[in-house]
Structure formats: C-alpha cells, structure tokens
Amino acid sequence: MQGSYINRISKVIMKIVTILLVGLGIGTILVTLIFATQLSQYRMKAGVLEYSADVNEQFSKNVSQLENLAVVMENKQIKGRAATLAYVDTIVAANENLSAVYVAYDNKELVMSGGWIPPEDFDHRTRDWYLAAKDLEEGVYVSEPYLDVQSGGYCITLAKPMVSNGTFI
C-alpha cells in the first residue's frame, strides 16, 4: 500500500513538473515573441527616421537648386534656349533623384532638360504647378505625388515663380 501511495505521489509530482516545464516553455516562447516584435518595431522606427532624414535632406537640396535656378534666370545670367538647356541638363546630371528640370516662361516657352520640345497644343501655363507657382508670393510650390506619364513612376513637382523687375516671367 505504501508503494502505491508513493507511486501516486510520484505521478502527481511528475504531472506538476511536466505542467511547470510546459508552462515555462510557453512563457519562454511568449517572451521571445514579444521581445522580437518590440525589437522589430524599434528597428522599423529607426529605419523610418533615417529614411525620413534622407528624404528631408534631398528635398532641401532640390529646393535650394530650384531657388538658385530661379535667381540665375531672373538675373538673366544665362541667356538663350541652348544655354538654358545646357544649364538644366547639368542640374539633372548632378542629381540622380531628379527626373527633369525645366524653365517655363509666361510667353509659353518651355526649356526642359533632355531637350524635350512640347507639341504645339501643349501649354504648361494651364498646369497646376505653373498656376500655383504663379500665385506664390514667396517660397516653393510642392505638388502632391502623382504618376508620371513619361517614367511610369511616382514623382512630385517643385515650382518657383521667376520674377524680374516685379513682373512674372
């Protein structure tokens, strides 16, 4: 009888130990999953912050280039279509994040990097970016992202009015 009592106690102890070990295993798995999730979220946030800083830096450079281009054109430091084309081509060549740079005049003349010449029925003066830039007192117009017909990729347009002697050019 005493042997069966010891066997029963041994079985109960074994069941308790088994339950504790299974619980410990499940707890370890849960803690590992929680830790891994937290670490993943931390890395994702760090990556987003780094990417955001890169985007902001590139954006600032592009705005600065645009402002410099406007000053050059306003002060007539570059004259003629060929010289303007060479200048905007140089800007695009120096910045892999730019798909195009163009100078758009109020007289319907458009000089675009790469030498693209618009068809006769194309009028940039009706485009949202042109109209918005024309209405600016200062600063730079930034479009919402849109799908570019030529490249097939998403892009934004930065536009700044060119003003000479108080007149929009």
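Buried residues make up 23% of the 169 residues in this protein chain. Keep in mind that what you're looking at is a predicted model. The chain's accessible surface comes to about 12300 Å², and carbon and sulfur atoms account for 61% of that area.

Now for the overall layout. The chain has three helices and eight strands. Walk along the sequence and you meet them in the order α-α-β-β-α-β-β-β-β-β-β. The radius of gyration is 32 Å, well over the 15 Å that the globule rule gives for 169 residues, so the chain is more spread out than a compact globule. You can also picture a box around the C-alpha atoms: taken along the principal axes, the box is roughly 110 × 30 × 30 Å.

How do contacts link residues along the sequence? Take the contacts between residues at least 6 apart in sequence: 47% of them join residues at least 24 apart. As for charges, the chain carries 14 positive and 18 negative ones, and the mean positions of these two sets are 17 Å apart.

Next, the aromatic rings. A pair of rings is described by how far apart the centres are and by the angle of the planes. How many aromatic pairs are there here? The count comes to four. Two of them are set out below.

| Pair | Kind | Centre to centre | Angle between planes |
|---|---|---|---|
| Y102 and W129 | tilted | 5.1 Å | 55° |
| W116 and F122 | edge-to-face | 5.4 Å | 85° |

Let's start with Y102 and W129, the tilted pair. Y102 sits in strand β1 (residues 102–104) and W129 in helix α3 (residues 128–135), so this pair ties together parts that are 27 residues apart in sequence. Is each partner buried or partly exposed? Y102 has 25% relative accessibility and counts as partly exposed. W129, at 16% relative accessibility, counts as buried, because buried means under 20%.

The edge-to-face pair, W116 and F122, also brings a partly exposed ring and a buried one into play. W116 is partly exposed, with a relative accessible area of 30%, while F122 is buried, with a relative accessible area of 18%.

Which residues do ring pairs link into a cluster? They are Y102, W129, Y130 and F168. That means Y102 and W129, the partners that connect strand β1 with helix α3, belong to this cluster along with Y130 and F168.

Terms used. Residues numbered from 1 in each chain as written. Predicted model: local features only at pLDDT ≥ 70, side-chain atom pairs only at ≥ 80, totals over all residues. Heavy atoms only, no water. Helix = DSSP H or I, 4+ residues; strand = E, 2+ residues; numbered from the N terminus. Rg over C-alpha atoms; globule rule 2.2 N^0.38 Å. Buried < 20%, exposed > 50% of the residue type's maximum accessible area, 1.4 Å probe, protein only. Contact = heavy atoms within 4.5 Å. Areas by Shrake-Rupley, 256 points an atom, 1.4 Å probe, with all protein chains shown as cover. Lys, Arg positive; Asp, Glu negative; His and termini not counted. Charge placed at Lys NZ, Arg CZ, Asp CG, Glu CD. Phe/Tyr/Trp six-rings, centres within 6.5 Å; stacked < 30°, edge-to-face > 60°.
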